Amino acid sequence: MTTATTTDYKVPQLTIDGTTQGSAETLSVIDPSTAQPFIEVPSATLDQLDEAVAAARRAFASWRLVPLGERQDAIRAVGEVVKANIDELAELVMREQGKPLGNAKGEIMASLRQVDFFGTLEMDPEVIKDDETGRVEVRHDPIGVVGGITVWNYPFLAAMFKLVPALVAGNVMIIKPSPYTPVATLRLGELLQEALPPGVLQVLAGGDELGRAFTTHPGIDKISFTGSVPTGKAIMAAASETLKRVTLELGGTDAGIVLEDADPAVIGKDLFWAAFSNSGQVCAALKRLYVPESKLEEYSAVLAEEAAKVVVGPGTQEGVVAGPVQNAAQLAQVKRLADDARSNGADFFFEGEIPDGPGYWFPTTLVRNVAEGLALVDEEPFGPILPILTYTDLDDAIERANATSYGLGASVWTSDPDAAVEVAERLEAGSVWVNQHPVVTASVPFGGVKQSGLGVEGSRYGILAYTNIRVISVKR
Ligand code: NAD
């Protein structure tokens, strides 16, 4: 265990049964813009997990009986607590994740859309039949104790994406944030105790082994997971033992196809940010760009022009729009894919500036003269690098875009958005966007097909994933 060199922050604790707890074990959290530990937080033991699960089961017995409207009042109170503490929470997200302060604040603001949407959603039972012979209705009952396991790119948003619909549906939740970014989620757990009864929301920080313990714990009824494909598969396998429900939001290698009729001057900026938002650390970022061969020079020029404007640096620095890669392992992955592409003859036609000194920095990088079969194209870099491929035949481009085991998002870029829907329909992905990529919000379902996931988050479909169907059938 590394020892933190500085602790400028009040150390947030685990939240178990409405109270804060430390632990004999700790997790050292690194600031990715310095590559130095900045805080050490408690790491939950397996005994503390048992304690939290027991508290959750007690809380569930009463929370499930609270009328929907009152649970929604509580969720709106959650939103108020988040709003009242936005500066502190944004600072923590910036520090642990690396993103600029304004973007960290944006992440927290975005999470409040969950509150607005699920805080007012109606969930009346569906009446299938109601006549003189009988009545059949379908109700959506809460599942029970949900384990939320989250990732480090949008740590706060991922937690809110899970807890808001889960609690509104009448479940209770124990969240385990990523060991790379546990701080803001732990603080959220502490703060939310003023808005929620004890045991309804608990937060346990810990490493992968704590996540594994969630997936086999007999007292946890569902796992809602955001993270990588291999971990998603491990969770699904482990959950089968107790037949837990699972929702899996996994990775992607999203393709974007630029049609002949698109105008580089019009779409250039949006195309760039589709790939480079959050320094490319977005599950549904644009990760393979297909442009018509005849237009390669034009698109290279507009993308390089946007890339040249990007100032990479620490989140506190004025004018910085992109932070570091969040952790050393991810940086090594991005470097491996870049080195492999370079040694296979790829043209690195734009490579931006990065700060001198320590930190997990990788330059904003645009690459062409690449094709499928190259690791940079086939795998998920999850960092600030975009491979640009060319095509001469649209059917061929669609086939190549679909030739992957992933299926999270995809996009089509054009001057004729309505006509492009025909192309959109042929792309194998959970979301296909036209002239934008990605758009993820509370009111719209989001999830992957193929190996990019199972189930969706967001919308009525997302909240129903936190419920079991119960049919009440009356014979008259
Ligand atoms: P990861 O799968 O390694 O870790 C994510 C979480 O799972 C962490 O909290 C970790 O401690 C926990 N974990 C690890 N092993 C576990 C196990 N066996 N059982 C239970 N929990 C376990 O993810 P990562 O590689 O750090 O994150 C990057 C990946 O996440 C990328 O592939 C990215 O595309 C994906 N992602 C997907 C979405 C989405 O909504 N689809 C959003 C963000 C990131």
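The legends below accompany an overall view and several close-up views of a predicted model.

In this predicted model, local features are described only where pLDDT is at least 70 and side-chain atom pairs count only at pLDDT 80 or more, while totals for chains, interfaces and linings use all residues. Residues are numbered from 1 along each chain as its sequence is written, and side-chain values use heavy atoms, with hydrogens and water left out.

**Figure 1. Overall view of the chain, with its 15 helices and 20 strands.** Helices (H or I, at least four residues) and strands (E, at least two) are DSSP runs, numbered from the N terminus. The C-alpha trace spans about 70 × 65 × 40 Å along its principal axes. The radius of gyration of the chain is 23 Å, which agrees with the value near 23 Å expected for a compact globule of 476 residues; this radius is taken over C-alpha atoms, and the globule rule is 2.2 Å times the number of residues to the power 0.38. Of the 476 residues, 58% are buried, where buried means under 20% relative accessible area, exposed over 50%, and partly exposed in between (1.4 Å probe, protein chains only). Among contacts between residues at least 6 apart in sequence, 73% join residues at least 24 apart, a contact being heavy atoms within 4.5 Å. The chain exposes about 18900 Å², of which carbon and sulfur atoms supply 52%; accessible areas come from the Shrake-Rupley method with a 1.4 Å probe, and for residues only the protein chains shown count as cover.

**Figure 2. Close-up of Pro12, in the segment before strand S1 (14-16).** Pro12 counts as buried because its relative accessibility is 1%. Setting aside residues up to four places away in sequence, Pro12 touches Ile39, Val41 and Pro42, and also Val183, Leu186, Arg187 and Glu190. Leu376 is 364 residues from Pro12 in sequence, and the two are 38 Å apart in space, C-alpha to C-alpha.

**Figure 3. Close-up of Thr45, in the loop between strand S4 (36-43) and helix H1 (46-63).** When residues up to four places away in sequence are not counted, Thr45 touches Ser23, Glu25 and Leu210. The C-alpha atoms of Thr45 and Ile16 are separated by 12 Å, and these residues lie 29 residues apart along the chain.

**Figure 4. Close-up of the hairpin formed by strands S5 and S6.** Strand S5 (residues 126-131) and strand S6 (residues 134-142) run antiparallel and are joined by 5 bridges; two strands pair if DSSP finds at least two bridges between them. The hairpin has 2 residues between its strands, and the bridge partner of Val127 in S6 is Glu137.

**Figure 5. Close-up of the loop between helix H9 (264-276) and strand S13 (288-292), which includes Asn278.** Asn278 is not a glycine, yet has a positive phi of about 55 degrees, and with 10% relative accessibility Asn278 counts as buried. Gln281 is found in the loop between H9 and S13 as well, and is buried, with a relative accessible area of 1%. Leaving aside neighbours within four places in sequence, the contacts of Gln281 are Gln97, Trp152, Asn153, Tyr154, Pro324, Val325, Gln326, Phe382 and Gly383.

**Figure 6. Close-up of Thr414, in the loop between strand S17 (409-413) and helix H14 (421-424).** Thr414 counts as buried because its relative accessibility is 5%. Apart from residues up to four places away in sequence, Thr414 touches Leu259, Asp261 and Ala262, together with Ala420, Val434 and Asn435. Although Thr414 and Glu260 are 154 residues apart along the chain, their C-alpha atoms are separated by 7.5 Å.

**Figure 7. Close-up of the loop between strand S18 (431-434) and strand S19 (453-454), where Pro438 is found.** The peptide bond joining His437 and Pro438 is cis, with an omega of about -15 degrees. Lys450 lies in the loop between S18 and S19 and, although not a glycine, has a positive phi of about 50 degrees. Most residues other than glycine have a negative phi, and most peptide bonds are trans. With a relative accessibility of 37%, Lys450 counts as partly exposed.
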